[in-house]
Amino acid sequence: MRRTVMALGIAVSLLLGCCLAGANAAISKEVVFSQDFQGKDGKKIEDLGWIRNGTDEQSTWEIKDGVLEITCFNKPYKGGYIRMKVPFVTRGEFSFDVNINSKGSSGYQHLSLRVGLYNLKTAFNGYMKNKWMRIFDGAAGKDGDWAYMSKDVPVGKTIKCKILFDASKETIEYYCEDMENPCYVEQGVKLSPAADGSGSILIGNYGVASDTIINQISNIKLVSFDGKPKASAAIEQPRAGQTTVYRGMAFERYRLEEMLSALHVNNARVYTTLVGLGLRPVNSFRLDRQPSLLSSVRDSLIIMADVPLGPGGAVQEALQRRLKEDISSGAHLVILGGLFTLDRGQFEGSPLEEVLPVKLDGIRGLAKAPKPLPIEDGSGASEKVASIFYYHDLTPVSNACVLASADGHPLIVSRPFGKGLVTVFTGMPCGMTSGRSQAFWEWSGWPKYMAQMICKAEGSYIN
């Protein structure tokens, strides 16, 4: 039976914003350079428009079997290179397929292949493990400093590498094999063109490896996102957009998979909070992977289950700003309380504090209920089988709606932000069952109950 849940007086425009959150404007993409080497066996690299620097004693360049095979001799820092002049793109994507040390030489123990775009140089280094590194030429904000994007790149296997960049935001993301989640993200770095305003792609031999190393490269592509966005068709289903889940310390008790199933979500991106090692008795958190900051795909639903923003920068400030942008554009952020989030999770003073439907006011710690507090569904009826024992004692902001209470305590609080919505569950999944009071996370109806509350905030319904 379909259960209809009433809207709570949130404006119709907000409801439409939530339902259409997945309808992102399509990014206008233009391929400004592409080289795949297919059907070009036997041709010289110069015949394809590449400018060659160096001799056959430094490196050789042969097109065969649809790839460019580069024989890199031991010529320290003088191994030769090829260069292709390309337009300078402010926002775009540079990608290539590469097979490092394709013949398995035991002498691959140092810098060999380098692949550069504009003033950004990347290189592969076989010392101990095959690493993908980068350095900048010129005034790039971090000039002269090598950084490691990936420290375990496969050897002898063709993989894809991608560099996603926005020079106006001074942000670059690096991808290796996994094309959805970057292996490295950096900000405050400057991509810049040559003096004449153009740019170039450079492929070369560092020549520091002690033996002859054969590398392969193919499918080189530079795509520009500088065109105007194209309007896309509206999406009618509220869950048609992307759903992202951040699993914090107590995520298992929240039974997120069952909750997503109740919401009819089966393709969520999932990131997990890890506890890092520390030299002091202070927690240090990080995510298992870093979500993209530059992706054109925006979330329609974001769930953070007992997720701390810090210490340790688990959710970096740049990612917090991206989440805030997504909410303003129509996403629904759902924060589930716990011992490591909200007041104790370094939300105060963060970019996300502004969007919360509750006031933090410098409060620290948790509140223990004097007795088990039965949860209510907002209609005045209590679910006697499910209770909370600890909670965040936080006050709703002026434009917030209390969707459900627990013995008078605001349990589920929601408010609009921009075209989107933020909902907070102030209960904590901790404490001991007392008498006939069942902990909410042990209640069989919990996942569907919270799914209904999420839809209730949006003024929609679920089966």
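These exercises, each with a worked solution, concern a predicted model of one protein chain.

Residues are numbered from 1 along each chain as its sequence is written, and side-chain values use heavy atoms, with hydrogens and water left out. In this predicted model, local features need pLDDT of at least 70 and side-chain atom pairs count only at pLDDT 80 or more, while totals for chains, interfaces and linings use all residues.

**Exercise 1. The chain as a whole**

State how many helices and strands the protein chain has, and what percentage of its residues are buried.

Solution. Helices (H or I, at least four residues) and strands (E, at least two) are DSSP runs, numbered from the N terminus. On that basis the protein chain has five helices and 28 strands. Buried means under 20% relative accessible area, exposed over 50%, and partly exposed in between (1.4 Å probe, protein chains only). Of the 463 residues, 54% are buried.

**Exercise 2. Strand 11 and its partners**

Find which strands pair with strand 11, and in what sense.

Solution. Start from the rule that two strands pair if DSSP finds at least two bridges between them. Strand 6 (residues 91–99) runs antiparallel to strand 11 and is joined to it by eight bridges. One position to inspect is V98, which stands opposite I159 of strand 11. Strand 12 (residues 171–176) also pairs with strand 11 in the antiparallel sense, over six bridges. Here K162 has Y175 of strand 12 as its bridge partner. Four residues lie between the strands in the hairpin of strand 11 and strand 12, and E170 there takes a positive phi near 50°.

Next, explain why strand 11 is described as largely enclosed.

Solution. Strand 11 covers residues 159–166, and seven of its eight residues are buried, so the rest of the structure largely encloses this strand.

**Exercise 3. Cysteines**

Count the disulfides, then give the sulfur distances for C161 and C183.

Solution. A disulfide is a pair of cysteine sulfur atoms within 2.5 Å. By this rule the count is zero. C161 is in no disulfide, as the nearest cysteine sulfur, in C176, is 4.3 Å away. For C183 the closest cysteine sulfur is again that of C176, at 5.7 Å, which is too far for a bond. As to accessibility, C161 counts as buried because its relative value is 0%, whereas C183, at 30%, counts as partly exposed.

**Exercise 4. Backbone exceptions**

Locate Y77, E177 and the cis peptide bond at P311, and give the angle for each.

Solution. Most residues other than glycine have a negative phi, and most peptide bonds are trans. Y77 is not a glycine, yet its phi is positive, near 60°. Y77 sits in the loop between strand 4 (67–72) and strand 5 (81–87), and counts as exposed at 57% relative accessibility. E177 also has a positive phi, of about 70°. E177 belongs to the loop between strand 12 and strand 13 (184–187), and is partly exposed with a relative accessible area of 39%. The cis bond joins G310 and P311, with omega about 5°. P311 is in the loop between strand 19 (299–305) and helix 4 (317–328).

**Exercise 5. Helix 4**

Check the span of helix 4 and name residues of helix 4 that are buried.

Solution. The expected span of a helix is 1.5 Å times one less than its number of residues. For the twelve residues of helix 4 this gives 16 Å, which agrees with the 16 Å between its end C-alpha atoms. The buried residues in helix 4 include A318, L319, R322, L323 and D326. After helix 4 comes G330, with a positive phi near 135°.
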